[in-house]
Amino acid sequence: MRRRIGADGALTATPFVNDTEAVDAGQGTLVARHVAEAPEVDVLVNGDSVGTFSNPEQIGPAALPAGEYEVVIEAGGTAVPTTPSTDAVPVAEGQSTIAYAWGSLDDGSFAPPTMA
């Protein structure tokens, strides 16, 4: 669950349910969650779009072969690479990797997704 300040100044929470379904051997899952004060974002994995979504939505879980992936979130025409931008995002066998897009485009705090 992520907490944020709503438009009225009140603290709000965005609940997400983690998927715990088993995946095939050699697979892991990737989930992207949008909790930023930003318009729709587009998620790219290895350069290919996997979808566009708004706050407080998520994309996934997407089953992927275990390995490392380049994950980029684009918001308002600005591409934001993962942290650190030089490392790939690990998707481990039997585990779920979750990326959060957070912050605000208006005040310049829109941040790269964080992995959980």
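These notes cover the nonpolar cores, two cis prolines and a few individual residues of a predicted model.

1. **Main core.** The largest nonpolar core has 17 residues. Leu-30, Val-43, Val-45, Phe-53, Tyr-69 and Val-71 have the most contacts inside it. Five strands each supply at least two residues of this core: S3 (27-34), S4 (41-45), S6 (58-65), S8 (71-75) and S10 (89-91). In soluble globular proteins, nonpolar side chains tend to be buried together.

2. **Second core.** A separate core of five residues is also present. Among its members are Phe-16, Val-31, Ile-98 and Tyr-100.

3. **Leu-30.** Set aside the neighbours within four places in sequence. Leu-30 is then in contact with Val-45, Ile-59, Gly-60, Pro-61, Ala-62, Leu-64, Val-71, Val-91 and Thr-97. Two of these partners, Val-45 and Val-71, are listed with Leu-30 among the core residues with the most contacts.

4. **Thr-29.** This residue lies in strand S3. Thr-29 has a relative accessible area of 11%, so it counts as buried. Its side chain makes a polar contact of 2.9 Å with the side chain of Ser-96. Beyond four places in sequence, Thr-29 touches Val-23, Pro-61, Ala-62, Ala-63, Val-91, Gln-95, Ser-96 and Thr-97.

5. **Cis bond at Pro-56.** The peptide bond from Asn-55 to Pro-56 is cis, with omega near 5°. Pro-56 sits in the loop between strand S5 (48-53) and S6.

6. **Cis bond at Pro-61.** The Gly-60 to Pro-61 peptide bond is cis as well, with omega near 15°. Here the proline is within a strand, S6. Pro-61 appears in the contact list of Leu-30 and in that of Thr-29.

7. **Gly-60.** Gly-60 is placed in strand S6. Its relative accessible area is 32%, so Gly-60 is classed as partly exposed. Not counting neighbours within four places in sequence, Gly-60 is in contact with Leu-30 and Val-31. Leu-30 belongs to the largest core, whereas Val-31 belongs to the second. Gly-60 and Arg-33 lie 27 residues apart in sequence, with a C-alpha to C-alpha separation of 8.7 Å.

8. **Asn-46.** Phi of Asn-46 is near 50°, a positive value in a residue other than glycine. Asn-46 is located in the loop between S4 and S5. Its relative accessibility is 44%, so Asn-46 counts as partly exposed.

Technical notes. Residues numbered from 1 in each chain as written. Predicted model: local features only at pLDDT ≥ 70, side-chain atom pairs only at ≥ 80, totals over all residues. Heavy atoms only, no water. Core = buried A, V, L, I, M, F, W, Y, C linked by side-chain atoms within 4.5 Å. Buried < 20%, exposed > 50% of the residue type's maximum accessible area, 1.4 Å probe, protein only. Helix = DSSP H or I, 4+ residues; strand = E, 2+ residues; numbered from the N terminus. Contact = heavy atoms within 4.5 Å. Polar contact = N/O pair within 3.5 Å; in protein donor to acceptor, adjacent residues only side chain to side chain.
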